[in-house]
Amino acid sequence: MSAPVRHVWAALLIVYVVWGSTYFGIKIAVETMPPLLAAGSRFLTAGALLAGVLALRGTSLRISGRELGATAIAGSLLLGLGVGLVHVAETRIDSSVGAMIAGTVPLQIVVMRLVAGESPARATRLSTLAGLAGLGLVVAPGLGAGSTALGLAVMISATMFWSTGSFLSRRLALPRDPFVATAYEMAFGGVFLTFAALAFGEFGELNSATFALDSVLAWVYLVVMGSVVGFTAYAWLLRVAPISLVVTHQYVNPLVAIALGMLFLGERPSPWSLAGALVVIAAVYVAIRAEFPRKTRPANAAPRGTTADQTA
C-alpha cells in the first residue's frame, strides 16, 4: 500500500458502510418520490457537485470526443439502466433483497468473461455456479407474488445492466482521471433517467406529498454520501491499496444493507433468502481470492477511469 494503513481502512469503512446503506436510502427516497426522477435528479446533482469540486481544484474537465462517447455508454448502462432500475425495483421489493441480488454482480461478470472467450481460474468458475444457485434461493420466496415478482425481475435486470456496463467499461476509452470520468457518467446517467421519467409521466406525479422530509433527507444522503463521498473514497483506494483489498466491499455491502433493512425498516428476509445471500457472499469471496491473489496483484491493476465496481 502507498498510503498509511489507518487512512486506507478509514476509506474502506466509508465504502463498506456508505455503499451498503444506499439500498436503505433508496428505499426511503422512493416511498414518496417517483423512482426514475429521484435517481435522475440524484445523479445530475452529484455530477454537478463533483464537476464543481474538480474545477475548484484546477482539474481540467476537457475530454476527447471518443472519451465523451465512452462515458455516455458507461453512464447510461451503469447509472441509468443499472442504478436507476434499482430505484424502480425497490418500490416493490425489500432493500435487503435488492442488496442480495446486487451481490451477484461479480459472478455475472465472470459469466460474461466466459462468453467472451476468457478463461478464469477453475475456482472462479465453480464459485460462479454456486453463487448463481444462491441467487435462485434469494428470489424463490417472492416468485409467487405478482408485485414482488415484477420487482425481482426489474432488480435482476438492473444487475445485468450494471454487469454489462462494468464489463464494457474495461474496454472503453474512458478518461484517465476516474473523477472526471465519473462526473461525465453521472451527467449522462442523470439525463437518461430524467428523460425516462418524462416519458413515463413521473413529472405529473409531483405534489406536496412527494417531498416528504424522510424521502428528501434520504435523497440528499444518496447525493452527497452515496455518489460523491463514497466514490471519492473508492477512487482513492484504487490508487493506493491492493485491488484484492478494495473489492472486499462486494461482499460487505450486502451484509450492511441486510442489517439496516432489518433494524430500521422491519424487513424480515426468509430463511431461504438469507441462506442464498450467504452462498452468494461466500462465492464472491472465493472468486475474488482466486482472481486477485493478495501477494501477486499490484495496486495499480484496476481499470483506468472506470466506476465499474461501484455498487450504487
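I looked up F195 first and placed this residue in helix 8, where helices (H or I, at least four residues) are DSSP runs numbered from the N terminus. I noted that the model is predicted, so that local features need pLDDT of at least 70 and side-chain atom pairs count only at pLDDT 80 or more, while totals for chains, interfaces and linings use all residues. Residues are numbered from 1 along each chain as its sequence is written, and side-chain values use heavy atoms, with hydrogens and water left out.

I found F195 exposed, at a relative accessible area of 57%; exposed means over 50%, buried under 20%, and partly exposed in between (1.4 Å probe, protein chains only).

I then checked the surface around this residue, and listed L44, V191, F195, L198, F203, L206 and F211 as a nonpolar patch with about 660 Å² of accessible area together. Helix 8 (residues 178-199) gives the most to this patch, with 3 residues.

Next I turned to helix 5 (residues 105-115) and helix 12 (residues 271-291), which pack at an angle of about 55 degrees with their axes 9 Å apart. The two helices are therefore oblique to each other, a term for angles that are not under 35 degrees, over 145 or from 65 to 115. On the helix 5 side I recorded P106, L107 and R113 in the contact, and on the helix 12 side V280, A283, V284, A287 and E291, with contact meaning heavy atoms within 4.5 Å.

Last, I looked up T124 in helix 6 (residues 122-139) and found T124 buried, with a relative accessible area of 0%. Not counting residues up to four places away in sequence, T124 touches V110, A287, A290 and E291.

Notes
Patches are made of residues with over 30% relative accessible area and no salt bridge: like charges are joined within 9 Å, nonpolar side chains (Val, Leu, Ile, Met, Phe, Trp, Tyr) within 5 Å. Accessible areas come from the Shrake-Rupley method with a 1.4 Å probe; for residues, only the protein chains shown count as cover. A salt bridge is a side-chain nitrogen of Lys or Arg within 4 Å of a carboxyl oxygen of Asp or Glu. Axes are lines fitted to C-alpha atoms, for helices over the stretch in contact, and angles run from 0 to 180 degrees between N-to-C directions.
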